[in-house]
2 protein chains.
Amino acid sequence: MPELRKDPIIGRWVIISTERAKRPSDFKLEPEPTGNSNNCPFCEGHEMSTPPEILAYRNDHSGPNGPGWRIRVVPNKFPALRIEGSLERHGEGMFDNMTGVGAHEVMIETPKHFENLTQLPEQAVEELIWTYHDRLIDLKKDPRLRYVMIFKNKGLAAGASLEHTHSQLIALPVVPKRVSEELVGSREYYSFKERCIFCDIIRQELKDGLRVVLENPGFVAIEPYAPRAPFETWILPKVHNPRFENAQKQEYEQLAKILQQTLKKIEAALGNPPYNYMIHTTPFHHEESPYYHWHLEIMPKLTKFAGFEWGTGFYINPTPPEQAAEFLRETKID
Amino acid sequence: MPELRKDPIIGRWVIISTERAKRPSDFKLEPEPTGNSNNCPFCEGHEMSTPPEILAYRNDHSGPNGPGWRIRVVPNKFPALRIEGSLERHGEGMFDNMTGVGAHEVMIETPKHFENLTQLPEQAVEELIWTYHDRLIDLKKDPRLRYVMIFKNKGLAAGASLEHTHSQLIALPVVPKRVSEELVGSREYYSFKERCIFCDIIRQELKDGLRVVLENPGFVAIEPYAPRAPFETWILPKVHNPRFENAQKQEYEQLAKILQQTLKKIEAALGNPPYNYMIHTTPFHHEESPYYHWHLEIMPKLTKFAGFEWGTGFYINPTPPEQAAEFLRETKID
C-alpha cells in the first residue's frame, strides 16, 4: 500500500509509492559525456581563462592567478547576478522587481581535471569546507546581501556545465522561498514545543536507526522521513547550531569526513549518479535562533520530475527512505 | 543587468538572467526515442492490455474495452495511489503518515499512436477537456478526496513513460503544498485589496500586452511576470471562476482552442520540446471563493534544474517572459 508522508518542517506531503518500489539497480542513468580536459578553464595552468581569483588556497611561493593552488575561487564568467550596482526596488504595476545585485562564484575543488570530490584526500575536502566558510564570512560584510546559497552540481544531468569538479555560491539580496519556509516551519514548531525541530528529528532518527546512513561524533547522515526523491540524504550537525559559518574547527573536520563518506556510498551504491548538494543556513541579519539548525542536503538525480511535481509541489518517490538507508549502510567503501 | 522578479501570488523570487539570455534556438533538446507503436497498450485494438476502462467517449455501437473509442480513461497500471482501503492517519513518533488512498488514472487522448494533441481536430481537444471535467465531477463524490490534479507529460524528458499521447490525473486525500500556497497568497491579496489577484494580473497583462501570447473571448495565454523557466505559459479564463469544473460549455470550447493554439506555437517555436501542463483549481470541500481563479500552467522542459533551484526554491530563468511572449506571438501556426 502506498503511503503519504509529511515533511515535518515545511509541511510538504510526498507519496512513497510502493507499487513502483525501486532498488538502486532499477534506476537508469543517462550516459554522461566522456571526460575531456581540452581547454578546461578550471585546470592548473589555465588560470588566465577565468576572471581573476577572489580567494585561493595555495602552496608556498605561488602567486595569484598562476599555478600552485589547491582550491581556487573565481567569479562565474556568466553570472546569474552581478556584484556591481546599487540595490534598487521598484514596482511594475502590481509586480515587484529588484536589480539583480548579488554574487555568483565558482570554487574549483582541485587543480586536476580527472579527480572527483570523493577521490580527493580528506584534507582537501576539509579545505573546501573552509573555503565555503571563508566566502560566507566575507560576503556577510556586504549589507546588500541577505543570503548565500552554497551548492554543488555534479554531472550534466544535475546541471553541471563544466566537468572539472567545482562548487558554486550565489549570494542574494533576498531570502529564498525554500529557506523562508524552513525558518517559518521551524519557528512554529519551536513556539509550540520549545524545542528545535531538527534536534528532535536527530534524536528520533538516532534512536530508531531506521533511516541513519552514517554518523560520527559531530554529524549524522540520514534519509529524511518524507524525501522528495530516492536517496535524498541530509547531513546535520548533532549539536544545535543555526549557522554553518559558526562551527568549530573540529566540526569542519568531521563534516568533511561524513560528507566524503556519504558521497562515496552514494556513488558506489548508485553507479556514480549525477547529484546536487546545497547548504541551508540562517540568513544574514537574522536573529540567532534556538529553532533553526543548519544542514546540508544531497539530492542524487535518479528520476525525472514531471507535471505532477511541478503542478503540486508534491513528489512521488519510488524508494522508501528506510530501504535507501539500508542500501547505503550496507554499501562498502574504502 | 539581471533582474529579480517576484511572483505576486506565492511570493517566489526568480532571477531573469540577462547574461545568459537565450533565444529559442539556443536550447539544446535531448533526442527523444523514435516512435514505436509495437505493443503499445494505449493503441486501438489493445484495450485488453490496460485495466478495464472507467470512462470512454465512443462511437455508436462500440462496447466497453473494445475498439471504437475516441478518448479512453483507464486506471494507471502502476498507480501512485490506490482507490481501495480506508483513509487512516497515524503518527510515527514526530512524523505524520497517511494511507496512500487516492486515484491515478490515464486519459488516452486518441486511439492512434502517431498523433499528437496538436494534430487532433479541435473537436477532439474539446472532448479531452470534457473528459477532465467528467472525471473531476465523478471523483468529487468520494468524501476521502480533497484534490484532483490533472496534468499531461509530453516527451521522455518531461516524464512521459509512454509515447502514445495521454493525460493523467492523481486524486489526493490532501491539498498539495503548491495549491495551498496559491490559495493562501490569493486570499491574503484579496483581504488587502478586495480583488482577485488573478483578475488583476489579467487586467494588467491585457492592458500592457507585453506578455500576452494569445487571447480569445474567454481566455488569455500569457507568459507570467516571474516565470520559473523559459516559455512557462499560463492560460487563464478571463471571467473570474474558482473552479475548472464549473465552467460553461462555450468556455470549454474556447479553452480547447487556445490550449491547442498555444501548444502549436510552443512546438513550432521551440522544435517540439517536451513539456508538462497542469490544471490548478479550488480543492474539493473548499469555500467558493472570490479570490482563487482556476488556470492551466504549461512548462516546456528546456533547461535542467540544478542544486541552486532545489536548495532554494528559487529559479534562474535565462529568457525574459517579454521576449518569450514576442517569439510565440510571432510564431505562425496553421
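Biologist: Through which surface do the copies meet in this predicted model?
Modeller: Happy to start there! In this predicted model, 100% of the interface residues of chain B are also interface residues in chain A. The copies therefore meet through the same surface.

Biologist: How many residues does the contact take from chain A?
Modeller: Chain B gives 62 residues to the contact. On its side that touches chain A, these divide into 16 polar, 14 charged and 32 nonpolar. From chain A, the contact takes 62 residues.

Biologist: Which axis relates chain B to chain A?
Modeller: Chain B can be laid on chain A with an RMSD of 0.0 Å. The operation is a turn of 180 degrees with a shift of 0.0 Å along the axis. That is the relation of a two-fold axis.

Biologist: Which residue stands opposite A:Lys6 in β6(B)?
Modeller: Here strands pair across the two chains: β1 (residues 3-6) of chain A and β6 (residues 95-99) of chain B run antiparallel, joined by 4 bridges. Opposite A:Lys6 in β6(B) stands B:Asp96.

Biologist: What ipTM does the model score?
Modeller: Let me begin with chain A, where 97% of the residues reach a pLDDT of 70 or more and the mean is 92. The model has a pTM of 0.93. Its ipTM is 0.90.

Biologist: How many residues of strand β9 of chain B are buried?
Modeller: Let's take the directions in turn. B:His166, B:Gln168, B:Ile170 and B:Leu172 point one way from β9(B), and all are buried. B:Ser167, B:Leu169 and B:Ala171 point the other way, and they are buried too. Strand β9 (residues 166-172) is thus mostly covered, with a buried count of 7 of its 7 residues.

Biologist: Which residue of β9(B) is the bridge partner of B:Phe151?
Modeller: Two strands of chain B can be followed here. Strand β7 (residues 103-108) runs antiparallel to β9(B) over 6 bridges, and B:Met107 has B:Ser167 as its bridge partner. Strand β8 (residues 147-154) also pairs with β9(B) in the antiparallel sense, over 5 bridges. For B:Phe151, the bridge partner in β9(B) is B:Gln168.

Biologist: Is B:Gly155 buried or exposed?
Modeller: B:Gly155 is found in the loop between β8 and β9 of chain B. Not counting residues up to four places away in sequence, B:Gly155 touches B:Glu32, B:Ala160, B:Pro274 and B:Tyr275. A residue needs 20 or more other C-beta atoms within 10 Å to count as buried. B:Gly155 has 21 of them within 10 Å, so it is buried.

Biologist: What separates the C-alpha atoms of B:Gly155 and B:Gly85?
Modeller: Along the chain, B:Gly155 and B:Gly85 are 70 residues apart. In space, their C-alpha atoms are separated by 33 Å.

Biologist: What do the buried residues of α6(A) pack against?
Modeller: In helix α6 (residues 321-330) of chain A, the buried residues include A:Pro321, A:Ala324, A:Ala325, A:Phe327 and A:Leu328. They cover an arc of only 160 degrees around the axis, which puts them on the same side of α6(A). An α-helix has 3.6 residues a turn, so residues three or four places apart point the same way. In chain A, the buried residues of α6(A) pack against β10 (212-215) and α4 (249-270).

Biologist: And which elements of chain B do the buried residues of α6(B) pack against?
Modeller: The buried residues of helix α6 (residues 321-330) of chain B are B:Pro321, B:Ala324, B:Ala325, B:Phe327 and B:Leu328. Because their arc around the axis is only 160 degrees, they lie on the same side of α6(B). Within chain B, they pack against β10 (212-215) and α4 (249-270).

Conventions. Residues are numbered from 1 along each chain as its sequence is written. Chains are lettered from A and ligands numbered from 1 in the order in which they are written. This is a predicted model: local features need pLDDT of at least 70, side-chain atom pairs count only at pLDDT 80 or more; totals for chains, interfaces and linings use all residues. Two residues are in contact if their C-beta atoms, placed from the backbone, lie within 7 Å. Ala, Val, Leu, Ile, Met, Phe, Trp, Tyr, Cys and Pro count as nonpolar, Asp, Glu, Lys and Arg as charged, and the others, Gly among them, as polar. Two strands pair if DSSP finds at least two bridges between them. Copies are superposed by least squares on the C-alpha atoms of residues with pLDDT of at least 70 in both. pLDDT is the predictor's confidence in each residue, from 0 to 100. A residue is buried if 20 or more other C-beta atoms lie within 10 Å of its own, exposed if 12 or fewer, and partly exposed in between; C-beta atoms are placed from the backbone. The arc is that of the directions from the helix axis to the C-beta atoms.
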